[in-house]
Amino acid sequence: MTLRFKAHLALLLCALFWGVTFVVVKDALTDSSVFAYLAARFTLAIPPMAWFYRADLRKLSASDFWAGVRIGILMFGGYAFQTVGIAETTASKAAFITGFSVVLVPVLIALIWRRRISGWAWAGAFASLAGLYYLTVPREGIADLNRGDLLVTGCSVCYALQIILLSAIARGIRWPDSVFCRSP
């Protein structure tokens, strides 16, 4: 097996697991409240993650800690909006809307931080928006979107902001102070 094939297989498996989790979460919410589910999910994740990253946790600076808090707030917002939304919409619609966060990144950078993005990025964003519209909006029109779809849209915005924040922190730039107004 070549390295390229392994990489493609790994991406395929990631996409498969990512997509399946929407169905699993939807099913889990029939037996649990949203926040009880989220609390259990992340409480169970703390010990293995703390053990795995124990050396890094010992070297954590105050600025690293506060960067993590900001990332965590956006991540919590994303998971909370997504999980509440999944309870009120279909798993497939929630997955499509959540995936839109990737498209929102350059759009938010352009609109909020006034950074110029290419015409291709705008074209891709509009094409994605059109596809999302046809996949999620009912025949009756946009006014008949359900509450779950709107909540998952909030998730998508939180995840897009989290991606932007992670990028800024990784490059050592203070956020949100004109993060994307500078030329790369």
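Reader: Is serine 156 buried or exposed?
Author: This is a predicted model, and the answer rests on a computed accessibility. Buried means under 20% relative accessible area. Serine 156 comes out at 1%, so this residue counts as buried.

Reader: Which helix holds serine 156?
Author: The serine sits within a run covering residues 147–170. That run is helix H8.

Reader: Which backbone atom does the side chain of serine 156 reach?
Author: Serine 156 touches Ile97, Thr98, Phe100, Ser101 and Leu104, leaving aside residues up to four places away in sequence. One of these, Ser101, also offers an atom to the serine 156 side chain. At 2.8 Å, the side chain reaches the backbone nitrogen of serine 101.

Reader: How many helices and strands are there in the chain?
Author: Read along the sequence, the pattern is α-α-α-α-α-α-α-α. No β element appears in that pattern, and the strand count is zero. The helix count is eight.

Reader: What share of the 184 residues in the chain is buried?
Author: The C-alpha atoms fill a box of roughly 55 × 45 × 40 Å along the principal axes. The chain exposes about 12,100 Å², and carbon and sulfur atoms supply 70% of that area. Of the 184 residues, the buried share is 33%.

Reader: What share of the contacts with a separation of 6 or more comes from residues 24 or more positions apart?
Author: Take the contacts in the chain with a separation of 6 or more. Among these, residues 24 or more positions apart account for 79%.

Reader: What span does helix H4 reach from its first C-alpha to its last?
Author: Helix H4 runs over residues 62–88, which is 27 residues. At 1.5 Å a residue, the expected span is 39 Å. The model comes close to that, with a reach of 39 Å.

Reader: Which helices are included in what covers the buried residues of H4?
Author: H4 has buried residues, including Ala67, Ile71, Leu74, Gly77, Tyr79 and Ile86. Their cover comes from other parts of the chain. It includes H1, helix H2 (34–52), helix H5 (91–99) and H8.

Reader: How many salt bridges does a search of the whole structure find?
Author: Side chains of opposite charge can pair when their charged atoms come close. One such pair is lysine 59 with aspartate 56, whose closest N and O atoms are 4.0 Å apart. Lysine 59 is exposed at 63%, while aspartate 56 is partly exposed at 42%. The search of the whole structure finds three.

Reader: How many residues apart in sequence are the parts that glutamate 88 and arginine 147 tie together?
Author: These two form a salt bridge, with the closest N and O atoms 2.5 Å apart. Glutamate 88 lies in helix H4 and arginine 147 in helix H8, so the pair ties together parts whose separation in sequence is 59 residues.

Reader: Which residue forms a salt bridge with aspartate 149?
Author: Aspartate 149 is in helix H8, and its partner is 56 residues away in helix H5. Aspartate 149 is buried at 2%. The partner is buried too, with a relative accessible area of 16%. With closest N and O atoms 2.9 Å apart, that partner is lysine 93.

Reader: Which residues does leucine 108 touch, not counting those up to four places away in sequence?
Author: Leucine 108 lies in helix H6. At 13% relative accessibility, leucine 108 counts as buried. The residues in contact are Trp113, Val157, Ala160, Leu161 and Ile164.

Reader: How far apart in space are leucine 108 and alanine 80, C-alpha to C-alpha?
Author: In sequence, leucine 108 and alanine 80 are 28 residues apart. In space, C-alpha to C-alpha, the distance is 21 Å.

Reader: What is phi of arginine 114 near?
Author: Most residues other than glycine have a negative phi. Arginine 114 is not glycine, yet its phi is positive. Arginine 114 sits in the loop between helix H6 (101–112) and helix H7 (119–136), and is exposed at 70%. Its phi is near 55 degrees.

Reader: What is the area of the nonpolar surface patch that includes Met1?
Author: Methionine 1 is in the segment before helix H1 (3–28) and is exposed at 71%. Other residues of the patch include Phe5, Leu9, Leu13, Phe17 and Val24. The patch has an area of about 900 Å².

Note on methods
Residues numbered from 1 in each chain as written. Predicted model: local features only at pLDDT ≥ 70, side-chain atom pairs only at ≥ 80, totals over all residues. Heavy atoms only, no water. Helix = DSSP H or I, 4+ residues; strand = E, 2+ residues; numbered from the N terminus. Buried < 20%, exposed > 50% of the residue type's maximum accessible area, 1.4 Å probe, protein only. Polar contact = N/O pair within 3.5 Å; in protein donor to acceptor, adjacent residues only side chain to side chain. Contact = heavy atoms within 4.5 Å. Patch = residues over 30% accessible without salt bridge, like charges linked within 9 Å, V, L, I, M, F, W, Y side chains within 5 Å. Areas by Shrake-Rupley, 256 points an atom, 1.4 Å probe, with all protein chains shown as cover. Salt bridge = Lys/Arg side-chain N within 4 Å of Asp/Glu carboxyl O. Expected span 1.5 Å × (residues − 1).
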